[in-house]
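Reader: I'd like a close look at one small part of this chain, and then how that part sits in the rest of the fold. Could you walk me through it?

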Amino acid sequence: MSRTEVKSPRRRQGEETRRAVLSDDYVARVEAATTRFDAPFQELITEAAWGNLWSRTEWTKRERSMVTIALLAALGHTDELAMHIRATERTGATEADVREALLHVAIYAGVPTANTAFKVAKQVLADMQQGKPE
């Protein structure tokens, strides 16, 4: 997006919500790595995922975090799963919440899928406890 282009209210809300959930540092790294090729994708997810879905008030950020973790785990998206587990520091979801979401994955999406998700979660949670950066 060029500096002279006007951002929509949904885009501004999305940027604010994305920073609140994923951190200013994370968003700054994504923005710095964005190219002309993937800029439309970044705009799409900022407006749709962050400006619309994550900015809705019907669920708390904690509730939305738990559902997102379960969905990402069930679909085997381990990089995004790790990112959202790290985001629990800002969403209010606890280690117990993560565990409960992954137990649901075991029953509804399969034990092998949950096994992989538990491995990712254990590593990310250990890194977080040791203060390792994202």
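Author: Let's start with Ser-23, which you'll find in the loop between α1 and α2. This is a predicted model, so take the geometry in that spirit. The backbone at Ser-23 has a positive phi of about 105°, even though the residue isn't a glycine. Is Ser-23 buried or exposed? Its relative accessible area is 11%, and since anything under 20% counts as buried, Ser-23 is buried.

Now for the helices on either side. Helix α1 covers residues 9-22 and helix α2 covers residues 24-33. Their axes lie 6 Å apart and make an angle of about 120°. An angle like that falls outside the parallel, antiparallel and perpendicular ranges, so α1 and α2 are oblique to each other.

Which residues do the touching here? From α1 come Arg-18, Arg-19 and Leu-22. On the α2 side you've got Asp-24, Tyr-26, Val-27, Ala-28, Val-30 and Glu-31. Sort that contact by class and you get 5 nonpolar and 4 charged residues, with no polar ones.

Further along the chain there's another helix pair to set beside this one. Helix α4 (residues 61-74) packs with helix α5 (residues 78-86) at an angle of about 160°, and their axes are 9 Å apart. Because angles over 145 degrees count that way, α4 is roughly antiparallel to α5. The α4 and α5 crossing is left-handed. On α4, the contact uses Ser-65, Thr-68, Ile-69, Leu-72 and Ala-73. Helix α5 brings Glu-80, Leu-81, His-84 and Ile-85. By class, the α4 and α5 contact has 5 nonpolar residues, 3 polar and 1 charged.

Stepping back to the whole chain, the secondary structure is easy to summarise: 8 helices and 0 strands. Starting at the N terminus, the elements read α-α-α-α-α-α-α-α.

As for overall dimensions, the C-alpha trace spans about 50 × 30 × 25 Å along its principal axes. A compact globule of 134 residues would have a radius of gyration near 14 Å, and the chain's 16 Å agrees with that. Buried residues account for 34% of the 134 in the chain, and Ser-23 is one of the buried ones. Finally, take the contacts between residues at least 6 apart in sequence: 68% of them join residues at least 24 apart.

How values were computed:
Residues are numbered from 1 along each chain as its sequence is written. This is a predicted model: local features need pLDDT of at least 70, side-chain atom pairs count only at pLDDT 80 or more; totals for chains, interfaces and linings use all residues. Side-chain values use heavy atoms; hydrogens and water are left out. Axes are lines fitted to C-alpha atoms, for helices over the stretch in contact, and angles run from 0 to 180 degrees between N-to-C directions. Helices (H or I, at least four residues) and strands (E, at least two) are DSSP runs, numbered from the N terminus. Angles under 35 degrees count as roughly parallel, over 145 as roughly antiparallel, 65 to 115 as roughly perpendicular and the rest as oblique. A crossing is left-handed if the near helix is turned anticlockwise from the far one by less than a right angle, and right-handed if clockwise. Contact means heavy atoms within 4.5 Å. Ala, Val, Leu, Ile, Met, Phe, Trp, Tyr, Cys and Pro count as nonpolar, Asp, Glu, Lys and Arg as charged, and the others, Gly among them, as polar. The radius of gyration is taken over C-alpha atoms; the globule rule is 2.2 Å times the number of residues to the power 0.38. Buried means under 20% relative accessible area, exposed over 50%, partly exposed in between (1.4 Å probe, protein chains only).
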